[in-house]
Protein chains: 2
Amino acid sequence: MSGRDLKDLLYEQVARIARAAASPKRLELIEILVQGEKSVEQLAADAEISVKLASAHLKELRLARLVEARREGRRMFYRLVDRHVADFWVMLRTLAEERLLELQAATREIAEGGGDLAPMAGEQLLERARRGEVIVLDVRPGMEYANAHLPYARSIPVSELRDRLGELPADRPVVAYCRGPYCLMASEAVAILARSGFQASRLEDGVAEWRYQGLPLATAAHDSEECTE
Amino acid sequence: MSGRDLKDLLYEQVARIARAAASPKRLELIEILVQGEKSVEQLAADAEISVKLASAHLKELRLARLVEARREGRRMFYRLVDRHVADFWVMLRTLAEERLLELQAATREIAEGGGDLAPMAGEQLLERARRGEVIVLDVRPGMEYANAHLPYARSIPVSELRDRLGELPADRPVVAYCRGPYCLMASEAVAILARSGFQASRLEDGVAEWRYQGLPLATAAHDSEECTE
DNA sequence: CGTATATTCCAACGAATATTGGAATATGTG
DNA sequence: CACATATTCCAATATTCGTTGGAATATACG
C-alpha cells in the first residue's frame, strides 16, 4: 500500500469517530448515556425525538464503537463503551465553549436562573459538603443517581422536589446539579428552591465533568447519609 | 426561549466543532499545523491536495475557530488557535485507536518499518537522551524543528538524511521521530539508518503527543548540542 | 499601471446524511 | 399460536458537504 493510501485510511478512521459526534442529537444522546445505561425508549424521551430516529442515531454511535447495546427481554439497553467517551464529550464541549461566543451567551442564559453564590471549585465544595455546611442536591431521575453521583449528594428528582421540600434543612445553602451544563433540571430546581426561601445555587458540573477533573464519585447510596443533617 | 430550543442551540454549537473535525483532510491539516504555522501552499503540498481545496477546508476550520490566519505579503499563514486544539487532535486520535480495529492494523503497518528496540516511555527516553546514551533525531523539515522539538533532539530532515549520515555517531542507537504516528517520515528515516548499519528505531510520538502527556519541549536549537557527541 | 503570484469566492455536480413512514424482526404474554 | 411491545430495517426525500473549474481579490514587482 502506498504512503498516501495508508494515510488516507488512517485519517478516515479518525474522522469516522468525529463524524459520529458531529450531530447535535447524537451528542445529546451521549450526554444522557453518561448518566448511565438506558433503553431506546428512555433515550428517545429524554432527547425529545422519535424512537425510530433515536434508534438510527444509536446505530451510528454503535458503528463508531462509542456505545454498545445489551438486550434484556424485549428492550435494548445502550451504554457508553467506557469512560473515555465521556471524557471526550467533556473535552469537546469545553473546546466548543472556549471558541464559540454564541455558545457562551446561551450557557449564560441557563446559568442566570441560579443563585448568586460564587461558583465553588470541586475540592472546596466537596469539603464543605463533607462537613455538612452545604447540601448538595442531585435532581436527576433516581436511576441516574443510583448509577453514580457526587459524594455526599442526596437525591430528589426535580419532578418530586415541590412535594419533598420538607426533607431539606432550611438553614443551609443548597447546591443543585444535574446532568451537566446543558441540562435544565438544576436550573428549574434552583428556581423552585429560591421561591420557597432556600438559599439555592446551581453547580454547572455533572458527573462527567466531575470525573473528568479526577474528582471522586459515589456509586450507591451508602454515603449520602453522612451529610444528612 | 424554550428549554428545547435552547438545548438544540447548545448541542448544535458543539456539533459544529465536531463537524469541522469530521473530515480526513481537515484532520490532516490540523496535524500539519500542530508542527507550526504554514502557508496555504505548504499545507496543500504536505496534505497532497489542491490549493483550492486546502483553502476551502481551512475556511471551515477558521469558521469553527480551530485555526486562525495571518497575512504576510501575498501569503496567508495559518496556525492553530491554541494548544487545546492540538490536545483535542491527540485525544480524538487516541479514542479512535482504542475503538477501531482496522486503525490498529494500519498503525501496525507503519510501525513495522521500525527497529526492534522496545518502545521507551517518554521520561525514560528523555533521561537517556540527556545522558547521551541515545540519539534522538527529528526528521521533519527544519522549520518545524525550529518551531518546537523534543529536548536533546537534533535535526536532520529525512530528505537530507542520506547525505548527512556522517554527522551521526555509529556507536549509539538512534531514535527517529516526526509529526506523529500517522506520519511516514520517521519510518523512512529508520529504513535509511538501518540500511547503513545504524541501530535505529522509531518513536511514534510527535510534539503534540509529547506535549499532551505534559512532557517538556524545546523551542529553539539551544539545547540540541548538549547531546551532540 | 500592467503583470505575476497567492489565495479566496462562486457555481455546480455527485455523494453522504437526517428524518420520516411503513414493513419486518424479536421477545414476552395469554 | 395469536397478539402486543420494543426495536430495527428499508425506502424515499430534502438537505448538506466535498470537490473541481472558472472568475475575482489582494499583494508584490517592474
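These legends walk through a few close-up views of a predicted model with protein chains A and B and DNA strands C and D.

**View 1. The protein surface around DNA strand D.** Here we're looking at the 20 residues that surround DNA strand D, with Ser55(A), Tyr78(A), Arg26(B), Lys52(B) and His57(B) the closest. The protein mostly meets the backbone of the DNA: sugar and phosphate make up 76% of the strand D atoms that come within 4 Å of the protein. Sorted by class, this surface has 11 charged, 5 polar and 4 nonpolar residues. Both chains chip in, with α3 (40-47), α4 (51-63) and β3 (75-80) of chain A and α2 (24-34) and α4 (51-63) of chain B each giving at least two residues.

**View 2. Three polar contacts to DNA strand D.** Start with Arg74(A), where a side-chain N or O atom sits 3.0 Å from a sugar or linking oxygen of DNA strand D. Met76(A) uses its backbone instead, placing an N or O atom 3.4 Å from a phosphate oxygen of DNA strand D. From the other chain, Lys52(B) goes for a base: a polar side-chain atom of Lys52(B) is 3.0 Å from a base nitrogen of DNA strand D.

**View 3. The protein surface around DNA strand C.** DNA strand C has 20 residues around it, and those that come nearest are Lys52(A), His57(A), Glu41(B), Ser55(B) and Tyr78(B). Sugar or phosphate accounts for 76% of the strand C atoms within 4 Å of the protein, and bases for the rest. By class, you'll find 4 nonpolar, 5 polar and 11 charged residues on this surface.

**View 4. Chain B residues in polar contact with DNA strand C.** Tyr78(B) points a polar side-chain atom to within 2.5 Å of a phosphate oxygen of DNA strand C. Glu41(B) works through its backbone, with a polar atom 3.1 Å from a phosphate oxygen of DNA strand C. The side chain of Arg74(B) has a polar atom 3.1 Å from a sugar or linking oxygen of DNA strand C. Zooming out, the elements giving two or more residues to the surface near DNA strand C are α3 (40-47), α4 and β3 of chain B, plus α2 (24-34) and α4 of chain A.

**View 5. The sheet of chain B, with α2(B) across it.** Three antiparallel strands make an open sheet in the order β1-β3-β2 (chain B). β1 (38-39) and β2 (67-72) of chain B each have a single partner strand, so one side of each has no neighbour in the sheet. β2(B) is joined to β3 (residues 75-80) of chain B by 6 bridges, and Arg71(B) stands opposite Met76(B) in β3(B). Helix α2(B) lies across β1, β2 and β3 of chain B, at about 90° to β3(B).

Conventions: Residues numbered from 1 in each chain as written. Chains lettered and ligands numbered in written order. Predicted model: local features only at pLDDT ≥ 70, side-chain atom pairs only at ≥ 80, totals over all residues. Heavy atoms only, no water. Near = heavy atom within 4 Å. Polar contact = N/O pair within 3.5 Å; in protein donor to acceptor, adjacent residues only side chain to side chain. Helix = DSSP H or I, 4+ residues; strand = E, 2+ residues; numbered from the N terminus. Nonpolar A, V, L, I, M, F, W, Y, C, P; charged D, E, K, R; others polar. Pairing = 2+ DSSP bridges. Contact = heavy atoms within 4.5 Å. Axes fitted to C-alpha atoms, helices over the stretch in contact; angles between N-to-C directions.
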